[in-house]
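Work through the exercises below with the sequence and the 3D structure open. Each task is followed by a stepwise solution.

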Amino acid sequence: MALRQISAAQARRTALAAQGFGRPVPPGGVTARQLLRVVDDVAVVQIDSVNVLTRSHYLPFYSRLGPYDRARLDALRDQAPRRLVEYWVHEASLIAPDLWPLLGFRMRRALQDSWGGMQRVVHENPALVAAVAAEVQARGPLTSRELERALAHDVPRSRDDWGWNWSAVKNALEHLFWSGVITSAGRTSSFERRYAPLERVLPAALLPQARVAPTTPELDADRFRALVERSARAIGIGTAHCLRDYVRLRPEQANPAIATLVDEGVLEPVQVEGWRQPAYRHVLARSPRRVEARAFLSPFDSLIWTRPRVRALFGFDYRLEIYTPAAQRRHGYYVLPLLLGDRLVARADLKADRQSGVLRVHQLTWEHPPMAAEVEACHEELTVLAAWLGLDTLTLSDISSLYARKVGL
């Protein structure tokens with residue numbers, strides 16, 4: 001049977017609607033319920049420590065809702081009953097607590113999948129790992145520095161025997177976090193994790209499922225199916241690679257789940273105009289006639305995680321150039337794509353100069369010669385963004401300068 005044909009424009013609008021773009025801006029201020037609706041839409045909000053503009057996890061909510069109180073989002077993560085928890089999903093991420101039990105397969109593979117420092121501390125300093133786990137259980141939430149001070153007080157005789165240092169304690173904490181033995185009760189103002197026992201963070205009803213335990217291939221298959229289905233709802237339409245990349249599954253984990261969801265009628269195989277690979281559309285995905293969005297997107301926004309998908313949907317080649325030498329950068333250091341309507345039309349290298357109270361636009365690049373309405377929309381969005389960040393001044397002396405490919409300020 002021939003696959004149903006989906007136009008490129010329809011696929012683009014489906015993807016945007018699934019990610020929560022195009023809804024009317026809420027009147028009267030953004031509530032906790034509206035913030036959680038974004039979490040329900042995207043399922044996973046990536047965390048990153050780069051603070052050039054603001055912490056990255058704040059931006060996806062701003063891009064979909066407009067200005068909001070960031071303290072309200074912090075409270076959803078940091079205060080009981082917690083509606084957001086942290087774990088490795090698509091990199092370090094915020095998720096709803098009910099997603100946590102589905103990730104036990106990753107926790108069980110902590111030693112195989114984690115980086116070298118975590119693995120070394122388990123093999124070389126198992127007594128330190130056990131002491132760290134016991135200390136978090138007894139005293140958490142604690143940052144890594146607080147934990148080291150607590151251990152020095154509680155077990156001072158063991159320091160020389162373990163050959164420990166701050167890095168060893170940090171690696172032990174990260175191993176325990178990755179393996180699901182402990183979790184995070186939020187972050188400090190300087191972005192340090194506050195490690196805590198599971199029962200201090202997760203809802204009591206989830207604890208029996210949340211504790212890592214041996215499993216069966218059948219149970220893991222059910223979890224992979226649930227994760228792929230959740231990814232499909234979040235992206236609306238995408239290839240098999242898009243579905244598994246969203247939650248970082250391997251092909252052997254995701255492909256059987258995709259086949260099951262197709263058999264169940266949850267996913268519909270389709271052919272998208274211009275795409276080489278077959279795609280899958282979630283049965284609940286909406287395809288609105290229009291999407292009216294206006295937002296700068298975090299470099300870590302879930303809409304633009306999978307670069308080949310961004311190219312296929314928007315004709316937009318996007319690369320994060322933070323790790324590129326300055327002389328070789330094309331568009332700048334911390335570059336945010338500009339979404340207008342259902343198109344990515346420009347990209348801006350932005351910096352919050354907090355000391356001067358200025359939003360700096362180091363470089364602005366349009367994908368095409370902009371129309372006057374696009375220039376005006378870009379200027380308005382920059383102005384609103386600056387105000388939300390508490391910056392009084394926008395370094396744009398003349399709106400006509402936005403026509404330039406580069407704005408050196």
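**Loops and backbone angles**

Arg248 sits in the loop between helix H14 (240-246) and helix H15 (251-263); helices (H or I, at least four residues) and strands (E, at least two) are DSSP runs, numbered from the N terminus. The model is predicted, so local features need pLDDT of at least 70 and side-chain atom pairs pLDDT 80 or more, while totals for chains, interfaces and linings use all residues. Residues are numbered from 1 along each chain as its sequence is written, and side-chain values use heavy atoms, with hydrogens and water left out.

**Exercise 1.** Describe the backbone and the exposure of Arg248 and Phe191.

Step 1. Phi of Arg248 is near 55 degrees, a positive value in a residue other than glycine. Phi of Phe191, also not a glycine, is positive too, near 75 degrees. Phe191 belongs to the loop between strand S5 (182-187) and strand S6 (193-197).

Step 2. Apply the cut-offs: buried means under 20% relative accessible area, exposed over 50%, partly exposed in between (1.4 Å probe, protein chains only). Arg248 is partly exposed because its relative accessible area is 33%. Phe191 has 12% relative accessibility and therefore counts as buried.

**Exercise 2.** Locate the cis peptide bonds that precede Pro81 and Pro141.

Step 1. The bond from Ala80 to Pro81 is cis, with omega near -10 degrees. Pro81 is in the loop between helix H4 (70-78) and strand S3 (85-89).

Step 2. The bond joining Gly140 and Pro141 is cis, with omega about 10 degrees. Pro141 is in the loop between helix H8 (126-139) and helix H9 (144-154).

**Exercise 3.** Which strands does S11 join by bridges, and how well is S11 covered?

Step 1. Strand S11 spans residues 335-340, and six of its six residues are buried. Val335, Pro337 and Leu339 point one way, and Leu336, Leu338 and Leu340 the other way.

Step 2. Two strands pair if DSSP finds at least two bridges between them. S10 (residues 294-296) runs antiparallel to S11, with three bridges; Arg294 has Leu340 as its bridge partner. S12 (residues 343-353) is also antiparallel to S11, with six bridges, and Leu336 stands opposite Ala348.

Step 3. The hairpin of S11 and S12 has two residues between the strands, and Gly341 there takes a positive phi near 65 degrees.

**Exercise 4.** Is Arg12 buried or exposed, and which residues does Arg12 contact?

Step 1. Arg12 is in helix H1 (residues 8-18). Its relative accessibility is 5%, so Arg12 counts as buried.

Step 2. Contact means heavy atoms within 4.5 Å. Leaving aside neighbours within four places in sequence, Arg12 contacts Leu313, Phe314, Asp342 and Arg343.

**Exercise 5.** Place Tyr68 within the largest nonpolar core.

Step 1. A nonpolar core is a set of buried Ala, Val, Leu, Ile, Met, Phe, Trp, Tyr and Cys residues joined through side-chain atoms within 4.5 Å. In soluble globular proteins, nonpolar side chains tend to be buried together.

Step 2. The largest core has 135 residues, and Tyr68 is one of those that touch the most other members, with Val44, Leu53, Tyr87, Val132, Tyr334 and Leu350.

Step 3. Without neighbours within four places in sequence, the contacts of Tyr68 are Val30, Leu35, Tyr58, Phe61, Tyr62, Leu73 and Trp388.
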